[in-house]
Amino acid sequence: MTPEPGVPERRSAADFSTARLEAFSDGVFAIAITLLVLDLRVPEPDALHGESLAHALAHQWPSYFAYLVSFLVIGIIWINHHAVCGLARRVDRRTLFANLFLLLAVSVIPFPTRLLATYLTAGGSDAHTAAAIYAATMVVMGIAFSLLLLSFTRDARVLRAPVAPADLRAALRRFGVGGLGYLAIVALAYVSPVAMLASHALLAVYYCFDQLAPIRRSAGDGSPSPSA
């Protein structure tokens with residue numbers, strides 16, 4: 001229920017402002033995305049062994065590829081996280097824990113990124129294992145983000161504007177499609193680690209589009225929209 005003009009909004013003692021949640025989350029996102037670049041190495045002159053610098057840099061393409069994909073993934077998570085936080089006026093402890101679960105998944109992404117960059121072209125079971133760990137991390141991240149979205153939208157009283165149930169279901173279905181994609185890519189890790197990494201790049205592009213559009217449309221006009 002929206003409070004009447006001039007009447008202070010009643011809030012529970014267990015509720016918290018979204019400002020601190022966003023500020024803390026932004027710090028974690030910034031650190032995680034910065035850690036990625038630390039794995040891009042400069043070839044030492046003594047380690048070239050007669051080959052050119054250009055050849056040595058080109059030899060490190062797995063690191064560049066893994067860096068770009070993970071940078072895109074974390075960047076898109078940050079954008080969608082900002083959009084989700086904008087849905088509610090306040091959050092409770094359950095939402096804070098859901099947010100911590102997402103940050104846990106995000107903060108660990110630099111590790112499987114480095115692991116995959118190291119073993120991407122190694123061949124054999126080691127490459128598949130590294131790819132599977134990377135893909136599994138993304139599955140956990142997708143689950144965590146879905147739980148956060150559900151936590152933010154489960155109580156209509158804390159939303160900034162009314163959201164039609166049909167529009168909420170449509171947005172959840174859009175995120176669900178990506179979740180199924182994450183699960184499918186785990187199997188691809190055992191077929192081709194390079195294709196697995198490329199698939200995550202395509203999935204990140206999918207999330208570049210506003211998957212919360214149904215919710216925004218509903219909240220924007222305050223009236224229910226047709227079921228999707």
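This note walks through the side-chain packing of a predicted model.

1. **The nonpolar core.** Start with the largest nonpolar core, which has 54 residues. Ile 77 and Met 196 have the most contacts inside this core. Seven elements are worth finding in the viewer: helix H1 (18–37), H3, helix H4 (93–108), helix H5 (110–119), helix H6 (124–153), helix H7 (165–188) and helix H8 (193–208). Each of them supplies at least two core residues. The largest share, 13 residues, comes from H6. As background, nonpolar side chains in soluble globular proteins tend to be buried together.

2. **Around Ile 77.** What does Ile 77 touch, not counting residues up to four places away in sequence? The list is Phe 29, Leu 102, Val 106, Ile 109, Met 141 and Phe 145. Centre your view on Ile 77 and pick out these partners one by one.

3. **Aromatic pairs.** A search of the whole structure finds three aromatic pairs. In one of them, the ring centres of Tyr 67 and Phe 71 are 5.8 Å apart. Their planes meet at 45 degrees, so this pair is tilted. Both residues lie in helix H3 (residues 61–85). They are four residues apart, about one turn of the helix. Tyr 67 counts as buried because its relative accessibility is 18%, under the 20% cut-off. Phe 71 has 39%, so Phe 71 counts as partly exposed.

4. **The tyrosine cluster.** Tyr 206 and Tyr 207 also form an aromatic pair. Their ring centres are 5.2 Å apart, with 75 degrees between the planes. This pair is edge-to-face. Are these two tyrosines buried or partly exposed? Tyr 206 is partly exposed, at 25% relative accessibility. Tyr 207 is buried, at 9%. Together with Tyr 182, Tyr 206 and Tyr 207 form one aromatic cluster.

5. **Cysteines.** How many disulfides does the structure hold? The count is zero. A disulfide is a covalent bond between the sulfur atoms of two cysteines. Look at Cys 85 and Cys 208 in turn. Cys 85 counts as buried because its relative accessibility is 1%. Cys 208 has 44%, so Cys 208 counts as partly exposed.

6. **Ser 151.** This serine is found in helix H6. Ser 151 is buried, at 9% relative accessibility. Which side chain makes a polar contact with the side chain of Ser 151? The partner is Thr 95, at 2.6 Å. Leaving aside neighbours within four places in sequence, Ser 151 is in contact with Arg 94, Thr 95 and Ala 98. Thr 95 therefore appears both as a contact of Ser 151 and, by the polar-contact rule, as its polar partner.

7. **Tyr 119.** Next, go to helix H5, where Tyr 119 has its place. At 33% relative accessibility, Tyr 119 counts as partly exposed. Leaving aside neighbours within four places in sequence, Tyr 119 is in contact with Asp 126, Ala 127 and Ala 130. Now check Pro 193. Tyr 119 and Pro 193 are 74 residues apart in sequence. In space, their C-alpha atoms are 9.2 Å apart.

Terms used. Residues are numbered from 1 along each chain as its sequence is written. This is a predicted model: local features need pLDDT of at least 70, side-chain atom pairs count only at pLDDT 80 or more; totals for chains, interfaces and linings use all residues. Side-chain values use heavy atoms; hydrogens and water are left out. Rings of Phe, Tyr and Trp (its six-membered ring) pair if their centres lie within 6.5 Å; planes under 30 degrees apart count as stacked, over 60 as edge-to-face and the rest as tilted. Buried means under 20% relative accessible area, exposed over 50%, partly exposed in between (1.4 Å probe, protein chains only). A disulfide is a pair of cysteine sulfur atoms within 2.5 Å. A nonpolar core is a set of buried Ala, Val, Leu, Ile, Met, Phe, Trp, Tyr and Cys residues joined through side-chain atoms within 4.5 Å. Contact means heavy atoms within 4.5 Å. A polar contact is a pair of N or O atoms within 3.5 Å; within protein, one must be able to donate a hydrogen and the other to accept it, and residues adjacent in sequence count only if both atoms are side-chain atoms.
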